[in-house]
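Me: I have a protein model open with a ligand in it. Can we go through it in short steps?

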Amino acid sequence: MAANNNLQMFQFIKRDTRDFINIDPLQTAGLLTDAARDALIEWGDGYSVCDYCNGALDLVKKPPIQEFVYKALPEFLGTDTARVMNGARESKFAVMHSLASTAADKNNYVVMDAWAHYSSKVAAERAGLEIVQTEKPEKEIMPEDFLKAIETGIEKYGKKPLLTLLTYPDGSYGNLADVKKIAAISHEFDVPVLLNGAYAVGRMPVNAKEFGVDYIVGSGHKSMSACGPVGVLGVVGDEAAEQLFRKSAYNKVKEVELLGCTSRGAPIMTLMASFPEVVERTQPENWEKEVHLARGFIQKLEETGKFKLFGQNPHNHDLMFFEAAGFFNISEKAKRGRYFLYDELKDKKIHGIKPGLTKNFKMSTYGLGQEKLDFIADSFIDILKKYDEI
Ligand SMILES: *Cc1c(COP(=O)(O)O)cnc(C)c1O
């Protein structure tokens, strides 16, 4: 039957970039570990983790989800309590919705940094909260920017915000703001702080208590080598956790903000399977190596005089944003125009710069190691040479 033939196209779809060198910031720290790849197959069937569940997913002992959620994860995040969620955005929404729905009155708002991710904004919108953002800084977000934004909010709404949110690092430039100072400023107003660590948790050392934040969220598929969708949420303090993880009036084991159960099946099992390696790679000495490699890569490109790094320099993260005048010049004369760079990199089996971008692009060096980073930098330089830009 013709209809059946058409349906075949949905079956096995080969992914042609799977064996490429990947520099897409979204993907570099989401590559599965070998253990997670095994877990994906083993636990891929729907509801596979629910065999021994007594009503609460977090309390499943076999596989050891309870041990993970109640012990390993809070220890890793530096929080008192943690949950596995369906993503960073679901975690942010749960916190905002909980604060909004238990607030004394309506018309509430959240203060966010100027680079806040769209998912932070839609989480606030869905929770019925308005948003006040810090002003766009010349270079990086400073604690004073948050002070100003909180004061602006108080003036506009006649009351303090329900929450302060800091993106750490921001997803454009990979800048790490002074989280401790920003948290302290927010706490002077008695406002809790949420740290959006989508690009931090699983890549670099984080500790919510050391940072002085109240909530921390991470993304499993972005930075913890999980297939996803999956994320993590940590809470400091018993009162905040009690409110956020309040139980349903209709079912005494189900938590309302989690809609009863969150991540189940392969996503949570790949998150757990990668966890030992994730813990290891986030040890300070291993993260320092990553930062060192990132800085070396930046230096090699900047020495050509054809690349300029935006944001903190010396840089402190694997996510980086370049201005590449040479690539832009080529795009104006190349046959495929601004798609030339994508084509050239594809030939070299390098994936991750958005098709069509040349003048400004972001990329990540995470987990690639010296040899591949040299290959990438040399490839960039070779492309410039090929078109007589160096
Ligand atoms: C990717 C990203 C998110 C979204 O993460 P999900 O787990 O997919 O919801 C949130 N914030 C920032 C800064 C991000 O880069």
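Me: Which element gives the largest share of the shell around the ligand?

Reply: Keep in mind that this is a predicted model. Two elements give two or more residues each to the shell: α4 (88-101) and α9 (220-223). The largest share is three residues, and the element that supplies them is α4.

Me: How many residues surround the ligand?

Reply: A residue belongs here if one of its heavy atoms lies within 4 Å of the ligand. The closest are A88, R89, S219, H221 and K222. The full count is 13 residues.

Me: How many residues of the shell are nonpolar, polar and charged?

Reply: Sort the shell around the ligand by class. Three residues are nonpolar and three are charged. The polar class holds seven. In the order you asked, the counts are three, seven and three.

Me: What is the distance from the side chain of S219 to an oxygen atom of the ligand?

Reply: A polar contact is a pair of N or O atoms within 3.5 Å. H221 has a polar side-chain atom 2.9 Å from an oxygen atom of the ligand. H117 places a polar side-chain atom 3.4 Å from a ligand nitrogen atom. For S219, an N or O atom of the side chain sits from a ligand oxygen atom at 2.7 Å.

Me: What percentage of the ligand's exposed area does the protein bury?

Reply: Start with the ligand taken alone. It then exposes 390 Å². Of that area, the protein buries 93%.

Me: Which residues make up domain 1?

Reply: The domain assignment gives two domains. Domain 2 is one stretch, 44-281. The C-alpha centres of domain 1 and domain 2 lie 30 Å apart. Domain 1 is written as two stretches, 14-29 + 283-386.

Me: What area do domain 1 and domain 2 bury between them?

Reply: The size of an interface is often given as the accessible area lost when the parts come together. Here 49% of the buried area is on carbon and sulfur atoms. The total between domain 1 and domain 2 is about 1900 Å².

Me: Which three residues supply 30% of the area that domain 1 buries against domain 2?

Reply: Look at the domain 1 side. No other three residues supply more of its buried area. They are A29, Q312 and H317.

Me: Where is P314, which a cis peptide bond joins to N313?

Reply: The bond between N313 and P314 has an omega of about 5 degrees. Another cis peptide bond joins K62 and P63, with omega about 0 degrees. P63 is in the loop between α2 (34-42) and α3 (65-77). P314 is in the loop between β9 (308-310) and β10 (319-323).

Definitions and conventions: Residues are numbered from 1 along each chain as its sequence is written. This is a predicted model: local features need pLDDT of at least 70, side-chain atom pairs count only at pLDDT 80 or more; totals for chains, interfaces and linings use all residues. Side-chain values use heavy atoms; hydrogens and water are left out. A polar contact is a pair of N or O atoms within 3.5 Å; within protein, one must be able to donate a hydrogen and the other to accept it, and residues adjacent in sequence count only if both atoms are side-chain atoms. Accessible areas come from the Shrake-Rupley method with a 1.4 Å probe; for residues, only the protein chains shown count as cover. Helices (H or I, at least four residues) and strands (E, at least two) are DSSP runs, numbered from the N terminus. Ala, Val, Leu, Ile, Met, Phe, Trp, Tyr, Cys and Pro count as nonpolar, Asp, Glu, Lys and Arg as charged, and the others, Gly among them, as polar. Domain bounds come from an automatic or database domain assignment. Buried area is the accessible area (1.4 Å probe) that two parts lose on being put together, summed over both.
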